[in-house]
Amino acid sequence: MTVGVIMLVHENLHRAEQLARHWVAGGCPVVIHVDRNVPDTTFKPFVAALGDEPNVKFSTRHRCEWGMWGLVAATLDASQILLDSFPEVRHAYLASGACMPLRPVQDLTAYLDRHPDTDFIESVSTAEANWAVDGLEIERFTLRFPFSWRKHRLLFDAYVNLQRRLRVKRKIPNGLMPHIGSQWWCLTRETLSQILRNPNRKATDRFFRRSWIPDETYFQTLSRRFARNLESRSLTLTKFDYRGRPHVFYDDHLRLLQRSNCFVARKIWPRADKLFDTFLRASNVSPNTTEPQPDKINRLLAKASERRLKGRPGLAMQSRYPSRAAVRSQTAGHYAVFVGFSDLFEEFQPWLGQTLDTITHGHLFAPERVEFANDATVYKGAMSDSAQVRDYNCGCFLRNLMWNSRGTHQSFHYGPFDTPKAYLNFVNDPHATIVTISGAWLLRYFHSGTDISEMREDIAEKQKVERMYLRAFEDNTSKAQMKIWTLADFLTDRVDYMRSALDLVQPGAGQAMHSMPNLVDLTGFGAFLEALKNQGLYQKPVGDYKEDDSAPAQRAAQPRPYIVN
């Protein structure tokens, strides 16, 4: 017997019994520590069940609580029993009742036989690396922690803050350089014996008893002092999420765990019957000398953690609310926003659908309702046309709309009549293409036939809205593709400008354009603009529009389409 196992158990004792028998069957003696919090009515039947195994011992029970000294005390006592009871053991392997061997125990034994003088323990200097996911590092050693972080959080935080204010700083014992790492290690008999026989052990234990999470620091620090050949890695595959909690492996992780070639994995779900049946089954295969390859599973778990934190690009979910500046707040696909085109051209939406390969929505942010394509009241993904539901979160609405139709290009219209500030959700989206004819929205008022004096306040309000989104469109930090014309400029060469707009949305679409949509009637629009100026409404976004600009416009407004040569 060259490998002995120290097993820390606090729940699911029926699984712990299976694991202990598996270790012993592989030639490894086991010393088990059962948490003192486990009632005797559960503990005694567990001991009796393993009574037929002479190579299974039980250590003195301690109350074990996360972050407290009990875990270290339990490990020290079990280590002493292992070394005293089994003098032939050369390596001590620390495991838990949730640690499962993924390869035959003989593979682990043979591996350690090839490294007889090597200690495998993750041991990172707190002065040189940021190992902890969250929380304290060097202060684990320099402050005192008499209160449980889980049971007495307020007392814990208050006492830490008090020590900081009083500038309390405990002295680290001479000869110790603080290190931190995974609790699960495999130490040589020589190193573990020196830790147990440390002449300064009383002072060392007293120091670590009031440190925080000593099971991640005690052996990691002392092994650096006594080990002759230390590899700073654990032979147990254990991964933590972004909150510092261990990943749990289930039945559907079977193939992934098999490909990792790791010796032991933690933490196994106690109901993962498929994993227990597969990995604890007796194996007659020849020894496998392959090195553990945790990187395979590490990469996948890193992607899973990123997915959990950031989600999939373009998908907004209730469990994940991306910030507006986050890259993941972009939509799932490319789309186009036409500003002013539906006011300048008749039947622009159906014409656009015939000209571009796109789903053509109307004004998605119209005040009355969402104008989905084909005037649908419910769109893909059971999205309602309710303006109230949409305006609860315009950004999530837009991202979910694009997600539900991913794989297809979409387009919609926007203007000052729509939900204010909705433009903030697409102006910084790199998937958005925004083409704008500024000032074209005034044509709605022009064709309304209402007296200018009655429209004055409303027009002034819409001017402010247009000024806000134009300022955002023209901002250098905008991530969307952008093209802006004034109404007057666009009318001077509308065919070339329309081609330019379509090419920006879908490259090559402008050159393939065969017809232009009909312009709305512009007769008298110049006089309308003059009247607005006389009312004190300066129309800079319209550009330098002159009444004679309407002449070519009227020729194009005939029933037959404008043919492009």
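Start with helix α16 in this predicted model: its buried residues are Cys 394, Gly 395, Cys 396, Phe 397, Leu 398, Arg 399, Leu 401, Met 402 and Trp 403. The helix spans residues 394-404, and with nine of its 11 residues buried it is mostly covered. What does the covering? The list of elements packed over the buried residues of α16 includes β13 (335-339), β14 (359-363), β15 (378-379), β16 (383-384), α15 (387-392) and β17. At the start of the helix, a side-chain oxygen of Asn 393 comes to within 3.3 Å of the backbone nitrogen of Gly 395.

Arg 399, one of those buried residues, leads on to Asp 429. This aspartate is found in the loop between β17 (410-414) and β18 (432-438). Its relative accessibility is 2%, so Asp 429 counts as buried. Does it sit with or without a salt bridge? Without: the nearest side chain of opposite charge is Arg 399, and that is 7.3 Å away. A salt bridge needs the side-chain nitrogen within 4 Å of the carboxyl oxygen.

What Asp 429 does have is polar company. Its side chain makes a polar contact of 2.7 Å with the side chain of Thr 331, plus another of 3.0 Å with that of Tyr 335. Setting aside neighbours within four places in sequence, Asp 429 is in contact with Gln 330, Thr 331, Tyr 335, Lys 479 and Ala 480. Take Gln 330: it is 99 residues from Asp 429 along the chain, yet their C-alpha atoms are separated by 5.2 Å.

Now for helix α21. In this helix (residues 525-534), Phe 525, Gly 526, Phe 528, Leu 529 and Leu 532 are buried. Looking down the axis of α21, the buried residues fall within an arc of 160°, so they line one face of the helix. The cover over that set includes α17 (442-448), α18 (452-473) and α19 (487-492). Just after α21, Gly 536 takes a positive phi of about 90°.

On to the nonpolar cores. In soluble globular proteins, nonpolar side chains tend to be buried together. Here the largest nonpolar core has 75 residues, and the members that touch the most others are Phe 341, Phe 426 and Met 498. Helix α18 supplies the largest share of this core, eight residues. There is also a second, separate core of 48 residues, including Val 9, Trp 23, Leu 102 and Phe 279. Back in the largest core, which residues does Phe 341 touch, not counting those up to four places away in sequence? They are Phe 348, Val 435, Thr 436, Ile 437, Trp 485, Phe 490, Met 498 and Ala 501.

Salt bridges come next, and the structure holds 21 of them. Here are three, with the distance given between N and O atoms.

| Positive residue | Negative residue | N to O distance |
|---|---|---|
| Arg 21 | Glu 17 | 3.3 Å |
| Arg 140 | Glu 216 | 3.2 Å |
| Arg 369 | Asp 385 | 2.9 Å |

Arg 21 and Glu 17 sit four residues apart in helix α1, about one turn of the helix. Arg 21 is partly exposed at a relative accessible area of 24%, and Glu 17 is partly exposed as well, at 23%.

Arg 140 and Glu 216 link distant parts of the chain, 76 residues apart: Arg 140 is in helix α5 (residues 139-142) and Glu 216 is in the loop between α8 and α9. Are these two buried or exposed? Arg 140 is buried, with a relative accessible area of 3%, and Glu 216 is buried at 14%.

Arg 369 and Asp 385 are 16 residues apart, with Arg 369 in the loop between β14 and β15 and Asp 385 in the loop between β16 and α15. Arg 369 counts as partly exposed at 23% relative accessibility, while Asp 385 is buried at 16%. Elsewhere, salt bridges with shared partners tie Glu 17, Arg 21, Asp 52 and Glu 53 into one network.

Finally, a couple of backbone oddities. Most residues other than glycine have a negative phi. Ile 213 has a positive one, near 50°, and lies in the loop between α8 (201-209) and α9 (218-226). With 3% relative accessibility, Ile 213 counts as buried. Asn 12 also has a positive phi, about 50°, without being a glycine. That residue lies in the loop between β1 (3-9) and α1 (13-25), and at 30% relative accessibility Asn 12 counts as partly exposed.

Conventions. Residues are numbered from 1 along each chain as its sequence is written. This is a predicted model: local features need pLDDT of at least 70, side-chain atom pairs count only at pLDDT 80 or more; totals for chains, interfaces and linings use all residues. Side-chain values use heavy atoms; hydrogens and water are left out. Helices (H or I, at least four residues) and strands (E, at least two) are DSSP runs, numbered from the N terminus. Buried means under 20% relative accessible area, exposed over 50%, partly exposed in between (1.4 Å probe, protein chains only). Lys and Arg count as positive and Asp and Glu as negative; His and the chain ends are not counted. A polar contact is a pair of N or O atoms within 3.5 Å; within protein, one must be able to donate a hydrogen and the other to accept it, and residues adjacent in sequence count only if both atoms are side-chain atoms. Contact means heavy atoms within 4.5 Å. The arc is that of the directions from the helix axis to the C-beta atoms. A nonpolar core is a set of buried Ala, Val, Leu, Ile, Met, Phe, Trp, Tyr and Cys residues joined through side-chain atoms within 4.5 Å.
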